[in-house]
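Biologist: Could you take a close look at the largest pocket for me, and then at what is built around it? I'd like the cut-offs spelled out as you go.

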Amino acid sequence: MADGPLVGFRILDLTAVISGPFCTQLLGDLGADVVKIEPPEGDSMRRLGRPAKNGVTAAFLNFNRNKRSIVIDIKKEHGRDLVRRLAVKADALVENNRPGVADRLGIGYADIRRANPKIVYCSICGFGPKGRMANHPAYDPVIQGYSGMAFVQGGKSEKPTSVKMALADKISGMTAALSVVSALHAARARGVGQYIRVPMLEAMMAFSANDSIYGYTFVPEDEYKSQAPKSTTLDPFKTKDGWLTIAPFTDAQNQRLCEAVGHPEWWADAADKVERGRNMMRGLAKLFLERTTAEWLPIIEQADVPCGPVHNYETLFTDEEIVANDCFAIYEHPQVGSVRTVNPGARFTETPMKMWRIPPRLGEHTDEILREAGIEKSQVEELRSTKVIV
């Protein structure tokens with residue numbers, strides 16, 4: 001049973017792949033009743049990507065908990081009419097179709113607003129409403145390049161490199177979730193809904209401001225415009241048996257770190273702070289190779305310098321901090337058995353976020369959702385006979 005802060009809100013989820021499903025999963029984690037409207041073949045992420053087990057992909061499981069699934073063929077008029085009828089009792093609708101598709105189908109904001117003037121309607125898309133790219137599709141790697149993130153990741157190598165996860169998708173999803181929650185508050189306070197457009201490019205640029213566009217902060221920008229951050233302070237260090245990270249960002253932290261590892265001169269010799277930092281990093285890179293990660297971390301922690309191990313998929317699940325804080329949960333899924341999931345990333349004292357519904361089977365809740373919408377059993381049977389619903 002949900003008891004998060006969004007209990008009582010209903011969200012229609014007309015999204016697929018990652019950005020939209022991640023947005024609606026966050027809303028579900030917060031307690032909203034998320035109704036995932038899928039085509040007869042289901043969200044493509046049910047089939048795409050690895051690993052998979054018994055026909056269920058890890059990607060689908062990780063972006064679709066806390067939802068109910070209803071199958072509606074929105075290519076058919078009766079299907080689109082069903083969506084509009086479901087919208088009457090919904091508080092928000094989220095979609096991430098290519099711009100213009102929802103409008104052409106008759107389930108765009110103007111259409112849904114006629115059914116429910118107070119609804120919050122959120123569209124996640126690739127680009128903003130102006131310019132030649134306005135109606136173009138976009139996926140994560142395109143946005144990482146367009147936003148400058150791949151440029152930043154290149155660092156010293158100067159070879160553009162994508163972050164090895166769907167970062168732009170997830171940032172867009174988080175931005176959309178925050179926007180929907182804010183608009184729901186405004187709808188309750190003012191009695192009006194609204195339309196939200198979340199362009200992935202703009203969400204990613206807002207997220208990476210100062211990092212990917214720091215060279216453009218000061219105008220004129222000629223001195224900085226071609227420089228990507230080249231600092232090695234963000235890179236992990238190799239140890240005798242693995243890797244560790246450190247983050248000494250203040251003079252006091254750098255001094256304590258050098259003293260802790262037995263080389264106070266590394267932070268005292270060079271007058272120029274940049275050169276001093278380079279000397280320290282070169283020295284640490286050689287020194288850390290002499291001991292294991294487990295030997296170094298207590299020394300650095302004792303100096304009150306931020307640090308940590310670099311985990312892999314094996315060590316992550318047994319880390320003392322992660323285990324102590326219940327970062328993972330295991331549940332039973334009827335098709336694949338035991339599934340490990342990451343718990344929500346925020347802790348509420350009174351209205352906790354949690355997984356209260358496992359990811360749904362395709363069309364698992366179709367009859368239940370239509371019954372709640374007041375659609376009679378005879379109508380449901382007729383719709384099913386014409387394959388508008390499954």
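Modeller: Here is the pocket, followed by the sheets, the helices and the other hollows.

A word on ground rules: this is a predicted model, where local features need pLDDT of at least 70, side-chain atom pairs count only at pLDDT 80 or more, and totals for chains, interfaces and linings use all residues. Residues are numbered from 1 along each chain as its sequence is written, and side-chain values use heavy atoms, with hydrogens and water left out.

The largest pocket comes to about 1,700 Å³. A pocket here is an open set of points on a 1 Å grid over the protein atoms alone, with protein on both sides within 12 Å along at least five of seven lines, while a cavity is a set of points where a 1.4 Å probe fits but cannot get out; lining residues have an atom within 4 Å of a point. Grid points are joined across faces, edges and corners, and a volume is the space filled by probe spheres set on the points.

The lining of the largest pocket counts 47 residues, and the closest to the centre are Ala 58, Asn 62, Phe 63, Lys 170 and Val 342. By class, the lining holds 30 nonpolar, 9 polar and 8 charged residues. For that split, Ala, Val, Leu, Ile, Met, Phe, Trp, Tyr, Cys and Pro count as nonpolar, Asp, Glu, Lys and Arg as charged, and the others, Gly among them, as polar.

Which element gives the most to this lining? That's helix 8, with 6 residues. Helices (H or I, at least four residues) and strands (E, at least two) are DSSP runs, numbered from the N terminus. Other elements that supply at least two residues each include helix 1, helix 2 (58-63), helix 6 (140-147) and strand 13.

Two of those contributors also sit on the main sheet. That sheet is open, has 6 strands in the order 5-2-1-6-7-8, and pairs in parallel; two strands pair if DSSP finds at least two bridges between them. Strand 5 (67-71) and strand 8 (194-199) are the edge strands, each pairing on one side only. From one strand to the next, the twist averages 20°. Axes are lines fitted to C-alpha atoms, for helices over the stretch in contact, and angles run from 0 to 180 degrees between N-to-C directions.

At the strand 8 edge, strand 7 (residues 120-125) pairs with strand 8 in the parallel sense over 6 bridges, and Val 120 has Gln 194 of strand 8 as its bridge partner. Helix 8 (residues 167-190) lies across strands 1, 6, 7 and 8, at about 165° to strand 8. Helix 1 (residues 19-29) lies across strands 1, 2, 5, 6 and 7, at about 155° to strand 2. Contact, by the way, means heavy atoms within 4.5 Å.

Strand 13, another contributor to the lining, belongs to a hairpin with strand 12, with 3 residues between the two strands. Strand 12 (residues 328-333) and strand 13 (residues 337-342) pair antiparallel over 6 bridges, and Ile 330 has Arg 340 of strand 13 as its bridge partner.

Now for the other hollows. The second largest pocket has a volume of about 850 Å³. Its lining has 35 residues, with Leu 14, Ala 16, Asn 96, Asn 97 and Arg 98 nearest the centre. Strand 2 gives the largest share of that lining, 3 residues. The class split for the second largest pocket is 18 nonpolar, 8 polar and 9 charged.

As for closed space, there is 1 cavity of 30 Å³ or more, and the largest cavity holds about 40 Å³. Arg 10, Leu 12, Val 35, Leu 86, Lys 89, Ile 369 and Ala 373 line the largest cavity, which makes 5 nonpolar, no polar and 2 charged residues.

Elsewhere, there is an open sheet of 3 strands, ordered 9-10-11 with antiparallel pairing. Strand 9 (237-238) and strand 11 (307-309) are at its edges with a single partner strand each, so one side of each has no neighbour in the sheet. Strand 10 (residues 243-246) and strand 11 pair over 3 bridges, where Leu 244 is partnered by Pro 309.
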